[in-house]
Structures are given as structure tokens and as C-alpha cells.
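Colleague: I am new to this structure, and I would like to go through the terms that are used for it. Could you show it to me, so that I can ask what stands behind each one?

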Number of protein chains: 2
Amino acid sequence: MAQQQRAIGTRAAIIRGAAQAFREHGYGSTTLAGLEAAAGVTKGALYFHFASKEALALAVIETQHESSIALGAEYLGSTRPGLDAAIRMTFAMAKTLRDDPVVSAGIRLTLEASNFSVPVAAPYIDWIDMCGRLLRRAIDEGDAAAELNVEAAAHFISPAFTGVQTVSEVLTGRDDLYQRVEEMWTLLLPGLLSAALPAERRANLAALPALLRHDYDVAGRTRTGPAAPGA
Amino acid sequence: MAQQQRAIGTRAAIIRGAAQAFREHGYGSTTLAGLEAAAGVTKGALYFHFASKEALALAVIETQHESSIALGAEYLGSTRPGLDAAIRMTFAMAKTLRDDPVVSAGIRLTLEASNFSVPVAAPYIDWIDMCGRLLRRAIDEGDAAAELNVEAAAHFISPAFTGVQTVSEVLTGRDDLYQRVEEMWTLLLPGLLSAALPAERRANLAALPALLRHDYDVAGRTRTGPAAPGA
């Protein structure tokens with residue numbers, strides 16, 4: 001049992017180390033020697049846990065995907081209105097992209113995954129699905145327009161976030177990511193909100209992205225934790 | 001002179017061949033032997049023109065970027081209203097992504113380019129800039145809202161398209177790309193259009209994405225050329 005615990009710990013440590021190496025060099029340019037060094041284990045230990053570089057990359061993607069799904073589930077399960085939860089979820093995701101090496105490595109590997117023998121589609125499908133469920137809730141709550149095509153909207157918003165974080169990474173190393181997420185929602189909200197929405201609720205929703213950007217910027221500078229979904 | 005012409009022809013043929021290889025295998029998994037085979041030239045000829053795999057990948061990106069910029073310039077230089085031109089430009093770009101191997105290879109390499117010693121930011125910056133110029137024209141023409149934050153909107157729309165085509169590639173091999181571009185504009189237009197826009201013009205702009213999707217779908221099935229920007 002203690003041995004099994006140790007093996008699980010070693011496996012997690014290898015994944016964390018590999019994430020650092022993949023994050024820095026990308027899939028193609030990361031060597032097995034580089035993975036051994038980054039994970040701080042012998043070749044024997046590495047191969048005991050992972051059969052190949054691809055198996056290790058897929059484990060990083062899976063770990064990142066699990067933590068992203070857990071993050072999404074927190075917002076889906078919160079008592080917040082659906083649209084609030086959707087907006088907050090993208091900021092929380094932006095934060096993990098900036099701060100968590102396993103997440104940024106997982107996203108990078110997912111983008112590069114056409115190198116792999118098995119295509120990696122699940123993260124995209126799951127994010128579109130979570131976004132769709134929050135939008136459906138927003139319609140039920142009267143925030144989103146009843147005539148909104150939820151499938152189409154979710155299938156745009158989630159990929160749009162993918163593009164926003166990709167370009168933010170290339171142009172600024174994700175320094176401007178909170179700003180870009182705010183701008184994304186500012187442009188999207190008019191196409192989402194119900195025409196019958198009371199002016200006060202409309203104003204509150206319109207103000208939320210700027211508010212969250214401010215909070216995350218301050219939290220980033222003061223190194224406090226992320227805002228909890230229920231906070 | 002004939003020799004110089006021949007060298008230019010060989011260089012272009014190498015780039016086309018390399019684009020096929022990079023498109024299929026990605027940067028990391030493409031070998032020099034694979035590049036020689038795809039380009040149909042000897043190792044000597046390959047090295048005469050390109051010093052390394054990275055130099056060849058950058059040439060593919062540059063060739064793709066030049067043709068994308070030329071496509072953008074066609075729409076910028078057309079007499080169409082700015083917003084029409086912006087919508088049409090994204091469909092034309094979607095078409096080249098589906099049909100032109102140098103373009104799809106260039107986009108793939110640009111996404112993978114954090115592997116390279118020099119980061120590839122110019123395509124993102126140029127597309128944001130072109131999008132911004134068309135939106136500014138749309139404000140002058142009264143289609144886009146005067147209070148629109150053009151810099152923010154352009155800095156969202158262009159990355160959003162990047163994400164849309166990435167996810168379309170992963171989930172459907174870009175089969176659903178025209179549909180997704182239509183849905184993107186349907187969701188974006190309410191946040192872009194001027195509140196003072198006459199109902200007829202508003203209806204025409206709102207109908208344009210579905211119209212273009214239909215035209216491109218038909219053109220794709222009948223293998224006719226792309227719609228010209230002035231058509």
C-alpha cells in the first residue's frame with residue numbers, strides 16, 4: 001500500500017516535471033533525455049510509468065483536462081446564474097493558464113496534438129458542452145435571449161477563448177489575457193442577452209467582465225489565491 | 001537569368017512539398033528525410049536553398065503569410081463597405097484553409113512556432129490590424145457603432161477566428177468551418193452594429209453570413225473558384 005502510494009506520487013512528479021519540459025520546448029523539440037532531467041528520475045523509472053513520449057504527453061493533457069473539468073464543474077455546480085458562472089469560469093481558466101504549468105503545458109500539447117497517433121478532441125468537446133449547459137441555464141433564468149442558438153453560441157465562445165489565449169500567449173506571454181477575456185465578453189454580451197432584461201440586471205452583467213479583470217489583476221499582483229466560484 | 005528563374009522555381013517547389021509534409025506530420029514529427037522526399041529534391045538541393053528544418057518551416061509560414069496578406073489587401077482595397085469586407089474576408093480565409101496546403105501548413109506551423117528560435121507574431125499582428133482598419137471604415141460608414149472600441153474588437157475577432165478554425169480542424173477536419181464562421185458573425189454582429197442603423201441595412205448585414213456560407217458550400221461542392229472580393 002505504501003509502495004502503491006509512492007508509485008502514484010512518482011507518477012504525479014513525473015507528469016509535473018514533464019509538463020515543465022513540454023511547456024518550454026513543445027512536443028516535437030522535447031527529448032526523452034530532457035524529460036528524464038525535468039522529471040528528476042532515471043530512465044528506468046520513467047519507462048516503468050510511461051511507455052513513450054506520446055504516452056507521457058497524453059498523461060499531461062489528461063491531468064490538465066481533469067483539472068479543467070473540475071474547475072468547470074465547480075462553476076456548473078455553483079448557485080450563481082449561468083451567465084455569471086460562464087464569465088467567471090473563463091477568468092478562472094485564464095488564471096490557471098497563467099499560473100499552472102501543467103495546465104499551460106496541457107493546452108500547448110492539445111494544440112500540438114495532431115502530432116499524436118490519437119487525436120485529442122475531448123477537451124474541446126467537454127468545454128463546448130459545459131458552456132452550452134451554462135447558456136441554457138441563462139436562458140431559463142431570463143438573462144440570455146430565448147431565441148439564442150445555444151449549440152452555435154457555445155460552439156463559438158469556447159473556441160474563441162482558445163484563440164484568445166493562444167494569441168495572448170504568442171504576443172504577450174499571456175500578460176494581457178485578463179484584458180482580452182474582458183474584451184471578449186464585452187463584445188459577446190449584446191448577442192447573448194435577452195431584449196426583455198431589466199436595465200439594472202443588464203448593467204450588472206455588462207459591468208461584470210471589467211470587475212473580474214480588476215479582481216484578477218489585483219490578485220495576480222498580490223499573489224492571493226483565485227476567487228472561489230461561490231465567492 | 002534562366003538559371004535564376006529555375007532556382008526560384010525549385011525553391012517554390014521545395015516550399016510546396018515541405019508544406020504537404022508539415023501539414024501532415026506537424027513540425028516536430030517531420031524529418032529531414034521526409035522533407036527531401038516530399039519536395040522531390042536531393043539533400044544537396046534542399047540545403048542549397050534552406051539551411052535547416054526551421055528555415056524551411058519559416059519559409060512556409062512566410063509564403064502563407066504573404067498570400068494571406070494579399071487576400072486581406074484585396075478586401076481592404078475593395079469598394080465594399082468595411083463590415084461586408086470583414087465578413088467576406090473571413091470566409092475567403094476559411095476557403096484557403098480548407099483548399100490550399102501551403103496555407104493550412106503555414107497556420108499549423110504558426111501555432112506550433114513556439115518550437116522555433118524566433119517567435120512568429122507578425123501574422124497575428126497583421127490580421128488584427130487589417131480587421132481594425134475594416135472596422136474603422138465600418139464606423140465611418142455608419143454600420144458599426146461609433147462608440148465601438150475598435151482596437152479591442154479587432155483584437156478579439158481575429159484571435160476568435162484562429163480558435164474557430166483550430167477547433168474545426170480538430171473536430172471535423174475543417175468540414176464545418178463555413179458553418180462555424182457563419183455562427184461567429186451571427187453572435188458578433190449585435191455587439192458591432194450601430195443602434196441607429198436603418199432596419200433594411202441591419203437585416204442585410206445580418207443575412208450576409210448565412211448567404212456566404214451557402215455560396216461557399218455550393219462552390220465547394222461544384223469545385224468552382226472562390227468568390228472574388230468585388231463580386
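Modeller: Let me begin with the interface of chain B and chain A, across which the rule finds 2 residue pairs in polar contact, both at pLDDT 80 or more; a polar contact is a pair of N or O atoms within 3.5 Å, where within protein one must be able to donate a hydrogen and the other to accept it, and residues adjacent in sequence count only if both atoms are side-chain atoms. This is a predicted model, in which local features need pLDDT of at least 70 and side-chain atom pairs count only at pLDDT 80 or more, while totals for chains, interfaces and linings use all residues. Residues are numbered from 1 along each chain as its sequence is written, chains are lettered from A and ligands numbered from 1 in the order in which they are written, and side-chain values use heavy atoms, with hydrogens and water left out.

Colleague: Which elements make up the side of chain B that touches chain A?

Modeller: Two or more residues each come from helices H1 (2-29), H6 (101-112), H7 (122-140), H8 (150-172) and H9 (177-192) of chain B, helices being DSSP runs of H or I with at least four residues, numbered from the N terminus. H8(B) gives the most, with 14 residues. By type, this side of chain B divides into 23 nonpolar, 10 polar and 6 charged residues.

Colleague: How many residues of each chain take part in the contact, and what area is buried between chain B and chain A?

Modeller: Chain B and chain A each bring 39 residues to the contact, where contact means heavy atoms within 4.5 Å. The buried area is about 3,100 Å², and carbon and sulfur atoms give 70% of that; the term stands for the accessible area (1.4 Å probe) that two parts lose on being put together, summed over both.

Colleague: What makes B:Glu151 and A:Arg180 a salt bridge?

Modeller: A salt bridge asks for a side-chain nitrogen of Lys or Arg within 4 Å of a carboxyl oxygen of Asp or Glu, and the closest N and O atoms of B:Glu151 and A:Arg180 are 3.7 Å apart, so the pair qualifies. Between chain B and chain A the count is 2 salt bridges, and over all chains it comes to 20.

Colleague: Why is A:Glu183 called buried?

Modeller: Buried means under 20% relative accessible area, exposed over 50%, and partly exposed in between (1.4 Å probe, protein chains only); A:Glu183 has 13%, and therefore counts as buried. Its partner A:Arg180 is buried as well, and the two side chains meet in a salt bridge at 2.8 Å, N to O. Both A:Glu183 and A:Arg180 lie in helix H9 of chain A, 3 residues apart, about one turn of the helix. Leaving aside neighbours within four places in sequence, A:Glu183 is in contact with B:Glu151, B:Ala152 and B:His155.

Colleague: Why is A:Asp217 called partly exposed?

Modeller: A:Asp217 has 26% relative accessibility, which lies between the two limits, so the label is partly exposed. A:Arg213 also counts as partly exposed, at 26%. A:Asp217 and A:Arg213 form a salt bridge with the closest N and O atoms 3.7 Å apart, and both lie in helix H10 (residues 199-222) of chain A, 4 residues apart.

Colleague: What joins B:Asp217 and B:Arg213?

Modeller: Their side chains meet in a salt bridge, 3.7 Å from N to O, and both residues lie in helix H10 of chain B, 4 residues apart. Elsewhere, salt bridges that share partners join A:Glu151, B:Asp176, B:Arg180 and B:Glu183 into one network.

Key: Ala, Val, Leu, Ile, Met, Phe, Trp, Tyr, Cys and Pro count as nonpolar, Asp, Glu, Lys and Arg as charged, and the others, Gly among them, as polar.
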